[in-house]
Amino acid sequence: MENILQIDTDFIENNTVFSELIEALKKGFCNDNTMIPMRHHHDFPNPEVNADSTLLLMPAWNPSKDAGVKIVTVSPENGQFNLPSIQGTYIYFDAVKGSIKAILEAKSLTVKRTAAASALASSFLSRKDSKSMLMIGTGALSINLIKAHAAVRPIKQVFIWGRNLEKAQAIASSLKNENFSVHAIETIEEKIAEVDIISSATLSKTPLVFGKYLNAGQHIDLVGAYKKDMREADDETISKASVFIDTFQGGLKESGDIVIPLENGVLNKEAIKADLFQLCSNKKNGRTSEKEITVFKSVGHALEDLVAAGYYFNKFKNE
């Protein structure tokens, strides 16, 4: 066990270069050899707090190269213990020998790869001259999504909205030394029609992005709403836009932003333009006109975790 690297939150936070991670993900999505089974989802009783907990296992293999599994627990009642509800780790293996190469902190790994995946999609779907962005949500993903999108587009102005204005103001203040300006806003409506890119990362069960406000040429990045009963965009948004997803494997099943429009007939499965595998391998086109409205729905994929683990492992080893 003494040869296993321990890669913690601080290392991941301090050694992420989004342009590098985005490029690594692009190569990963071009690789036909990686094997990604469906993630394992196991609810188990937790009588002490009178609520079920969940164990999630997300494996991936790149034969004769590397392998890994993300192990996450979701304990909704953890607030009473002053602990986050989601906790986890990533175990990174040598795929030839089966030995463990590293153990990585999973929350930071997930946040970084999720933001990088959205920016990767944006590189195909947003207009190349996109200069402004609206960030909806003030969770851990918000700062990372802003930085990741700015790594692929010439972002000059960012507006951030959250249910707590003070939290949005604090995030804006924390980004004051970046190459773009960040302003907290009180309502989504005051900026949503003006910006080039809209990114949303919330746990909302009701839409926050309404199609009636959207204009030609905008790109909408939907990152939150990871359950079937959650949504961040309304039916009009979906019907107005060209829709793309990170993977067909999970994208059609896990989020209300896709599942609900499929169920009510607003969206047909055949109308979804492409996933990241098809975009990165140039099998399908992204944006086809300056006036097209594009939507990208991210639900996350074990390939992204494996690529990110390899990225941080190599950085740590070569320090």
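The side chain of S239 reaches the backbone oxygen of E236 at 3.0 Å in this predicted model. S239 is found in helix α6, which covers residues 235–240. With a relative accessible area of 48%, S239 is partly exposed, because that value lies between the 20% limit for buried and the 50% limit for exposed. Its C-alpha atom is separated by 6.9 Å from that of L267, a residue 28 positions away along the chain.

Turn now to the strands. Strand β4 (residues 66–74) runs antiparallel to strand β5 (residues 86–94), and nine bridges join them. One pairing links D66 to D94 in β5. Strand β5 is also joined to strand β6 (residues 100–105), again in antiparallel fashion, by five bridges. Here Y92 stands opposite A102 in β6. Five residues lie between β5 and β6, and the two strands form a hairpin. In its turn, G98 has a positive phi of about 80 degrees.

Y92 leads on to the interior. The largest nonpolar core has 61 residues. Which of them touch the most other members? They are Y92, L104, L120, L276 and Y312. Helix α3 (residues 106–125) gives the most to this core, with 10 residues. Apart from this core lies another, of 25 residues, including L134, L222, I245 and V295. In soluble globular proteins, nonpolar side chains tend to be buried together.

Y312 deserves a closer look. Leaving out residues up to four places away in sequence, Y312 touches I7, F11, I12, N15, T16, L21, L104, L109 and K112. Among these, L104 is another of the core residues that touch the most other members.

Methods: Residues are numbered from 1 along each chain as its sequence is written. This is a predicted model: local features need pLDDT of at least 70, side-chain atom pairs count only at pLDDT 80 or more; totals for chains, interfaces and linings use all residues. Side-chain values use heavy atoms; hydrogens and water are left out. Helices (H or I, at least four residues) and strands (E, at least two) are DSSP runs, numbered from the N terminus. Buried means under 20% relative accessible area, exposed over 50%, partly exposed in between (1.4 Å probe, protein chains only). A polar contact is a pair of N or O atoms within 3.5 Å; within protein, one must be able to donate a hydrogen and the other to accept it, and residues adjacent in sequence count only if both atoms are side-chain atoms. Two strands pair if DSSP finds at least two bridges between them. A nonpolar core is a set of buried Ala, Val, Leu, Ile, Met, Phe, Trp, Tyr and Cys residues joined through side-chain atoms within 4.5 Å. Contact means heavy atoms within 4.5 Å.
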